[in-house]
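Please take the sequence and the structure together, and follow this explanation with both in view. We will begin with a metal site and work outwards to the parts around it.

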Amino acid sequence: MQTVILLTKAALKKAEEIYGPYAVQPAPQYTLFQAKKPGVTITAYQSGKVMFQGPENEKEAAIWANNIDRSKTAASSVSGKTPAKPASKNKHNESALPTDFKDWGVIGSDEVGAGAYFGPLTTAAVYVSRDQVPKLRAMGFADSKTLTDDKIVKLAPYIIENLPYHIVNLTPDFYNQKQQSGQNVVAMKALSHNFAHNKVIAKLNGEKPDGMLIDQFVQESSYNRYLQKNKQVKAPVKAYFKTKGEQEHVAVAAASVLARYVELQTMEQLSKEAGMKLPIGAGKEADRVAAQIMKSGKNLGHFAKLHFANTEKAKKLL
Ligand code: MN
């Protein structure tokens, strides 16, 4: 029960946008995105291959009949075959960084919470000037995923007290409202990063950063498109895009730590309001706690990202 088609590049972008509201977060490894609609799961790969699975697969695939890429020799419509995983490591067309980039004065930005059912989507941008770089490195700033909560809580105040920064904290209420009105999560991230960049630049009193580094979550072309579509002014400093950006510049590590710090605080606040400890992630424990919140009569949308599959799973536990 599946159909695989090969879409043109333009159609693939359009599909990413259209299926955004149904996107599985985070996207499974090696995929461009995956979306679940009633009766069909859509999985897209960077190569342009899109797989439709489920009882509605043919009907859904037919929507794209005029967008099939026939320029490639690969069969444009294959039934019953799973496309090979693309070999490309560089799935986002990452920026090439100048050799001494690590020592530049950079605005770094990163977001956390996109894959977590409970809590906010939090983006932070931090400016680390050239003379601050060695200090932050020595303090042990690194990807927040590799640091304990204790370490996060120790490091983040240094940023807040000493560096220009800005945080965009999309609470579940706001996030759900945007998501339900058709804004996809990738667009929300792009807008959050850019908003934070502009705010940081405004705090620099004319000092010009050497560049900006975005911990990459989307192709640069799509990033720009989301800003244009939402009539946002792109921050006027050269932006570089790199996955694992925290390894390329300590400013991204600092942003990652700060975003995580704010996420932790928000989770604590929301846990208080819920009267129970909200778990990190999107596993079974999240389903169980969501069911409890629903039973208590509280508004689940105040605590959780409702479009995650956890919501339906939680309802089944009632
Ligand atoms: Mn990131």
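Two residues are said to be in contact when heavy atoms of theirs lie within 4.5 Å. With that cut-off in mind, and remembering that this is a predicted model, we can look at aspartate 110, which touches Thr122, Thr123, Ala124, His193, Asp215, Val252, Ala255, Ser256 and Ala259 when residues up to four places away in sequence are not counted. Aspartate 110 is found in strand 6, and because its relative accessibility is 3%, where buried means under 20%, it counts as buried.

One of the contacts just listed, Asp215, deserves its own description. Aspartate 215 has its place in strand 9, and it too is buried, with a relative accessible area of 11%. Leaving aside neighbours within four places in sequence, its contacts include Ser109, Asp110, Glu111, His193 and Val252, as well as Lys242, Thr243, Lys244, Gly245 and Glu246.

What do Asp110 and Asp215 do at the manganese ion? They are its protein donors, each through an OD atom, and they lie 2.0 to 2.2 Å from the ion. Since aspartate 110 belongs to strand 6 (residues 106–112) and aspartate 215 to strand 9 (residues 211–215), the pair ties together parts that are 105 residues apart in sequence. The UniProt record, in an unreviewed entry, lists Asp110, Glu111 and Asp215 under "binding site". Although these three are spread over 106 residues of sequence, they cluster in space, with a largest C-alpha distance of 8.1 Å.

The two strands that carry the donors can now be considered as a pair. Strand 6 and strand 9 run in the parallel sense and are joined over four bridges, and one detail of this pairing is that serine 109 has isoleucine 214 of strand 9 as its bridge partner. Strand 9 is also joined by four bridges to strand 10, again in parallel, and here leucine 213 stands opposite tyrosine 240 of strand 10.

Which way do the residues of strand 9 point? In a regular strand the side chains alternate between the two faces of the sheet. In strand 9, Gly211, Leu213 and Asp215 point one way while Met212 and Ile214 point the other way, and all of them are buried. Strand 9 is accordingly described as mostly covered, with five of its five residues buried.

From the strands we can turn to the packing of nonpolar residues. In soluble globular proteins, nonpolar side chains tend to be buried together. The largest nonpolar core in this model has 46 residues, of which Ile107, Tyr117, Phe118, Tyr223, Leu278 and Ile293 touch the most other members. Among the elements that give two or more residues to this core are strand 7 (121–128), strand 8 (165–170), helix 6 (185–202), helix 7 (220–229) and helix 8 (250–274), and the largest share, nine residues, comes from helix 6. Apart from this core lies another one, of 30 residues, among them Leu147, Tyr240, Leu258 and Ala259. Returning to isoleucine 107, its contacts beyond four places in sequence include His197, Val200 and Ile201, together with Gly211, Met212 and Leu213.

Two helices show how buried residues are covered by other elements. Helix 9 has twelve residues, which at 1.5 Å a residue should span 16 Å, and its end C-alpha atoms are 17 Å apart, which agrees. Within helix 9, Ala286, Asp287, Val289, Ala290, Ala291 and Ile293 are buried, and the buried residues of this helix pack against helix 8 and helix 10 (310–316). Just after helix 9, glycine 297 takes a positive phi of about 85 degrees. Helix 4 (residues 149–162), with 14 residues, reaches 21 Å from its first C-alpha to its last, close to the 20 Å expected at 1.5 Å a residue. Its buried residues are Ile152, Leu155, Ala156, Tyr158 and Ile159, and what covers them includes strand 7, helix 3 (133–139), strand 8 and helix 8.

Finally, we can step back to a wider stretch of the chain. In an unreviewed entry, the UniProt annotation "domain: RNase H type-2" covers residues 104–318. The end C-alpha atoms of residues 104–318 lie 54 Å apart, and the span is 47% helix and 14% strand.

Notes
Residues numbered from 1 in each chain as written. Predicted model: local features only at pLDDT ≥ 70, side-chain atom pairs only at ≥ 80, totals over all residues. Heavy atoms only, no water. Donors = N, O, S within 2.8 Å, 3.2 Å for Na, K, Ca; no water. Core = buried A, V, L, I, M, F, W, Y, C linked by side-chain atoms within 4.5 Å. Buried < 20%, exposed > 50% of the residue type's maximum accessible area, 1.4 Å probe, protein only. Expected span 1.5 Å × (residues − 1). UniProt positions renumbered as here; feature names shortened; annotations may be inferred. Pairing = 2+ DSSP bridges.
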